[in-house]
Each structure stands twice: as C-alpha cells, then as structure tokens.
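Reader: I have a protein structure open on my screen and would like help reading it. Could we go through it together?

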Amino acid sequence: MRSYIFLFISLWLSSPSLQGQNQTVGLFVNDSLSFNGYTLFAPVSSRKTYLIDNCGYKINEWTSTANPGMSAYLLEDGTLLRAGRVFASFSAGGSGGLIEMISWEDELLWSYRIANDTMHQHHDLSILPNGNILAVVWENRPDEEAILAGRDPSSIGNMGVWFEKIIELKPVGTNEAEIVWEWKLYDHMIQDIDSTKNNFGVIYEHPELIDVNSRNFQGGGSASADWFHMNSVDYNAELDQIIFSSRSLNEIYIIDHSTSIEEAAGHTGGIAGKGGDILFRWGNPRIYHRGGIEDQRLYGQHDAHWIPGDRPGGGNLMIFNNGSGRPEGNFSTIEVVQPPLNGFNYNIPEGEKYGPEDALWTFEGAGNTEFYSSRISGAQRQPNGNTLICSGNQYRIFEVDPAGNLVWDYINPVNQNGALSQGSSSSSRDMFRAYRYSPDYPAFEGKDLIPGNPVESNPQPYLCNIYDITTSVNTLTQKDDFQIFPNPGSDIVYVSNDSPGNYNLTLMDLTGQTIISYLNINQQNFELDVSPYPPGVYILRIGNAAKRLMITKP
C-alpha cells in the first residue's frame with residue numbers, strides 16, 4: 001500500500017471578486033496559511049447540515065426532520081452524529097431531545113428520543129472510542145426533592161428546578177439505546193442555609209461539590225428552573241475523564257468516567273479515587289467561596305474541551321469565553337487553560353482556589369478578527385497550530401494563525417428559508433459550532449469529495465484554487481535529526497542538526513519553486529533569515545528530508 005504525506009495550500013483570496021452585487025455571505029478569505037480541510041456546520045434554524053471545502057464549495061449535506069439541538073459531528077466512518085430539537089415539557093435555550101445518526105448518503109441509521117416530563121437532552125453530545133454516546137440531559141425533580149437537597153424554597157419558580165445529568169448511551173437497533181453509565185449533578189451538592197436538610201456543610205471546605213443555591217449569573221434570575229445550564233461535554237480517553245461547562249455559573253468542571261454507576265453517585269471509587277465528585281473546576285471560584293468577583297475569568301462560556309494530544313497545545317483546555325457581563329465590557333475571547341494535572345487528580349492549594357490564575361493563551365480579536373457572540377459558539381485547534389472560531393451569533397466561521405492573523409473567513413448563507421442569494425442578508429443564521437476535518441480523516445476514505453457549488457444560491461463567480469501537493473514518503477520524510485524552530489517563524493528560524501556531517505538546505509514554496517539554497521552546511525545550529533519572504537506555508541528541504549515551515553508576520 002502506498003503512503004503519502006499531504007501538504008496543502010490555497011491561493012490567497014480576499015473579498016472574492018463578485019459581479020453585479022456586493023458580497024454578503026459565503027467565503028471572504030482563504031489564505032495560504034489556512035489549514036486545508038472540510039468544515040462542518042449546522043445552521044440553528046435549518047434542518048440541513050453542510051460540509052464545505054476551503055473554497056466554500058459544498059462537499060456533502062445531510063437533511064433531518066428536526067432543527068439542531070444543538071451539536072453535530074462527523075464520525076470516522078462517515079456517519080453524521082447530531083442532536084435534533086423536539087418539543088416536550090422542557091423549554092429553554094439549547095433544547096434538543098432527539099439524537100440521530102445519518103449515513104454519508106443521507107440515510108437515517110439510528111435515532112433515539114430523550115424528551116419527556118422528567119428529562120430532556122440538550123446542547124451537546126460526545127462520541128466515545130467504543131461507539132457509545134455521552135449526552136447532556138436536563139433532569140426535573142419534584143420541588144420536594146430539591147428542597148430536601150437544601151435548595152432555598154424561595155428560589156423555586158413555577159417551572160420547578162432542573163438538575164443536570166450526563167448519560168452514556170449504547171445504541172441498539174435503529175431506535176433504541178441502553179444507558180450503560182450516568183452521572184447526576186443532584187448527587188454532588190452542598191448547601192449552607194438549612195442544617196435540617198441534606199448536604200449541609202461549609203462550602204469553601206468542599207470544592208469537590210457544587211452549591212445547590214449557586215446564583216444564576218447568566219440570565220433567568222435566581223428563580224430560573226434552568227439554574228445550571230450545562231452547554232458542552234467532552235471526553236478524554238487517555239484520562240478517562242469528562243469535562244463539562246455551566247454557562248449560568250461561569251465555570252467548567254472535570255469528573256471521572258472510570259467509575260461504575262454506583263461510584264459515580266458517591267464520593268469514592270474510580271481511578272481518581274473520588275467517585276463522581278468534581279476533580280477540577282475553573283472560571284469562577286466565588287461559586288465555592290474561594291474568590292471574589294475579581295477572580296472570575298469566564299463569562300457565559302461555551303465549548304470547553306481538551307485540545308487533542310497530537311495538536312499544538314495538546315492536553316490543554318480550550319474554551320470559547322463568550323464574555324457577556326465582563327466588567328470591562330462585552331467581548332468574546334478564546335482561552336487555552338493548562339490545568340494543574342497530577343496523575344489523575346488536580347492540585348489545589350489548601351484553602352485556595354484551583355489554578356491556574358490566568359489562561360495560558362488568550363485570543364482577543366482586533367481589526368478584521370474582532371468578534372463577540374453572547375451565546376452559543378466554539379473554537380477548534382487545527383493541526384498546524386491555527387484556531388478555527390465559530391462566532392455563532394455573528395453567523396461567522398473564521399480562522400486565525402498563531403500570530404492572530406486572519407487566514408480564513410466564511411459567513412453562513414443559510415437561514416430558516418434555506419440558502420440566501422449572494423448579495424442578500426437576513427437574520428436567524430446562528431450556528432452552534434463548526435468543525436474542520438483533515439483530508440486524511442478516515443471518514444473521507446472512498447468518498448466522493450468532488451466539490452459542488454457554493455452553499456449560497458445564485459452564487460457569483462469568484463477565484464479560489466486549492467493546490468494539493470502529494471509526495472511519496474520514500475522521498476519526503478520527517479527526519480528526527482533535524483529540528484526547525486520557531487515554527488511558525490517570522491524573522492529568524494533556527495535549523496538544529498543533531499547528527500554529524502554536512503548537509504544542503506533548500507527553501508521552496510508549495511509549487512516546488514526554490515526560494516533560496518545553502519550548500520555544504522556544517523553547523524549544529526544554522527540561522528535562516530525568513531524575514532524577506534511573505535507569509536505562507538513553505539517546504540524546507542534538508543538533504544533528502546523535508547519539513548513544513550510556516551512563515552507569519554507580526
């Protein structure tokens with residue numbers, strides 16, 4: 001079987017030249033620094049899910065019987081996993097209730113409904129390596145149970161109190177599922193208002209528990225039934241842990257998944273030894289009485305997840321920090337947080353809050369990358385170090401390189417009535433998230449990836465080329481003896497040679513044209529001045545080896 005390394009570049013595209021009218025939707029920028037792949041998005045007001053290439057051309061689409069509720073993912077076998085919105089007793093933002101698996105050919109393979117008087121799926125799903133599905137579910141308990149748990153009776157409104165749970169589903173047949181694991185928020189509460197009720201204790205002594213009377217800081221007021229509002233869930237297979245986000249409390253949480261159902265309901269057991277209790281939390285330490293408003297870092301956040309280990313920043317947490325209610329004003333940021341991991345637990349100083357004090361990396365847009373979305377939204381680290389951002393309320397998906405430069409920009413052209421014509425504009429084009437998949441993602445093996453038309457109707461002609469450069473691994477290898485750093489670079493790039501002997505060095509663009517060559521280098525650390533060259537992706541050939549070099553500008 002022949003193997004390949006795929007290197008991709010797109011011709012720089014800025015405000016594609018349209019004939020006859022102004023551009024309002026679709027592709028605006030496709031730069032050579034963009035990570036080439038296929039982007040999946042599901043407009044909130046549409047029953048269609050779209051997959052497009054970097055030029056904005058449609059690769060595939062799926063049609064459901066329900067609008068999103070809210071997430072959609074492309075699985076490795078080419079199946080679309082999505083949540084759909086159905087109506088039941090629960091009515092709040094992010095409502096779902098239906099989970100579907102749809103084939104690449106748009107055939108419904110499996111569907112399962114979680115929508116009744118006592119529970120309702122909402123917001124997010126996560127696929128596990130064994131094919132099971134984690135689902136976020138509202139759980140409506142009787143008012144008497146909420147009060148017994150220590151909930152302040154005066155904070156219970158007409159719709160009662162909704163708790164949250166995460167269930168693991170094993171799909172069965174075409175419309176059934178087995179619940180093989182679950183975690184319930186109700187089992188991990190603490191309160192300090194009534195010593196005659198359950199869960200009474202000193203809150204700051206128990207950061208592993210959640211105050212059942214926590215104030216709803218994001219919308220709805222103290223009497224809101226949806227007081228916690230879990231809006232994302234993600235799984236880390238290496239740690240066997242789950243991360244989830246509470247928009248209302250401005251916090252993210254990590255729990256152990258290695259527990260049994262019984263252990264998940266208690267305080268011992270599992271690899272971390274703490275049952276279903278909170279292992280780590282971050283964003284708003286005043287919730288557990290170990291900080292004040294000045295210590296708050298998250299504001300109505302969404303999409304808390306681990307960066308995959310094989311991508312830059314792998315193992316850290318990425319969060320779309322919506323920024324509603326910031327003291328300095330409303331604006332969104334992307335936060336990357338390095339949790340204080342210690343084995344399968346997380347360090348916390350005695351009597352203090354969980355660290356870190358601040359995010360490891362924050363992206364705050366400026367100029368053409370400014371963004372603010374008060375709701376929904378997400379971000380995804382790309383294999384080349386770029387970050388794909390879905391600013392959902394702005395109908396926008398865009399990508400920035402590590403230096404913060406805009407390298408890809410796309411405006412959703414679909415609302416509840418279908419695809420818009422280029423030049424027209426409309427509201428109701430929100431998107432929950434967007435994901436980009438590499439061309440070598442297993443879902444695409446054997447699939448027809450011939451681009452169709454742009455998603456927008458009556459598209460105007462524009463220029464956009466994607467160059468796929470493929471070279472046999474026999475002649476293009478990643479040689480460990482040579483290292484290049486920093487990569488991306490903007491001024492001086494260092495080539496480090498750990499093996500003896502002379503070598504040749506050639507810098508080429510992705511069309512194969514030689515930019516500059518050096519012969520018979522005999523230096524362990526060679527300085528390569530890349531400052532004269534424009535931003536882009538280049539090939540640095542060292543002898544018979546080659547590496548990809550990214551050049552950016554401040």
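Author: Gladly! Let's begin with strand pairing: two strands pair if DSSP finds at least two bridges between them. Please keep in mind that this is a predicted model.

Reader: How many bridges join β37 to strand β40, and which way do they run?

Author: Five bridges join β37 to β40 (residues 536-542), and the two run antiparallel. To find a spot to look at, take M508, whose bridge partner in β40 is I539.

Reader: With which strand does β37 pair over five bridges in the antiparallel sense, apart from β40?

Author: That is β38 (residues 514-521), which pairs with β37 in the antiparallel sense over five bridges. Here Y503 stands opposite I521 in β38.

Reader: Is β37 mostly covered or uncovered?

Author: For burial, the cut-off is under 20% relative accessible area. By that standard six of the seven residues of β37 (503-509) are buried, so the strand is mostly covered. Across the protein, 57% of the 554 residues count as buried.

Reader: What about sheets? Which strands stand at the edges of the sheet that holds β36?

Author: That open sheet has three strands in the order β35-β36-β39, with antiparallel pairing. β35 (482-485) and β39 (525-529) stand at its edges; each has a single partner strand, so one side of each is left without a neighbour in the sheet. From one strand to the next, the twist averages 20°. If you zoom in, β36 (residues 492-497) pairs with β39 over five bridges in the antiparallel sense, and Y494 stands opposite E527 in β39.

Reader: How many strands and helices does the protein have?

Author: There are 41 strands and two helices. Contacts add to the picture: of those with a separation of 6 or more, 58% are between residues 24 or more positions apart.

Reader: And where is there empty space inside?

Author: The general idea is that rolling a probe the size of a water molecule over the atoms shows where empty space is left. In this structure there are two cavities of 30 Å³ or more, and the largest cavity has about 80 Å³ of space.

Reader: Which strand supplies the largest share of the lining of the largest cavity?

Author: β33 does, with four residues. β4 (38-43), β7 (68-74) and β33 (431-437) each supply at least two lining residues. Among the residues to highlight in the lining are F41, M70, F432 and Y435.

Note on methods. Residues numbered from 1 in each chain as written. Predicted model: local features only at pLDDT ≥ 70, side-chain atom pairs only at ≥ 80, totals over all residues. Heavy atoms only, no water. Buried < 20%, exposed > 50% of the residue type's maximum accessible area, 1.4 Å probe, protein only. Contact = heavy atoms within 4.5 Å. Axes fitted to C-alpha atoms, helices over the stretch in contact; angles between N-to-C directions. 1 Å grid on protein atoms, 1.4 Å probe; cavity = no way out; pocket = protein on both sides within 12 Å on 5 of 7 lines; lining within 4 Å. Points joined across faces, edges and corners; volume = space filled by probe spheres on them.
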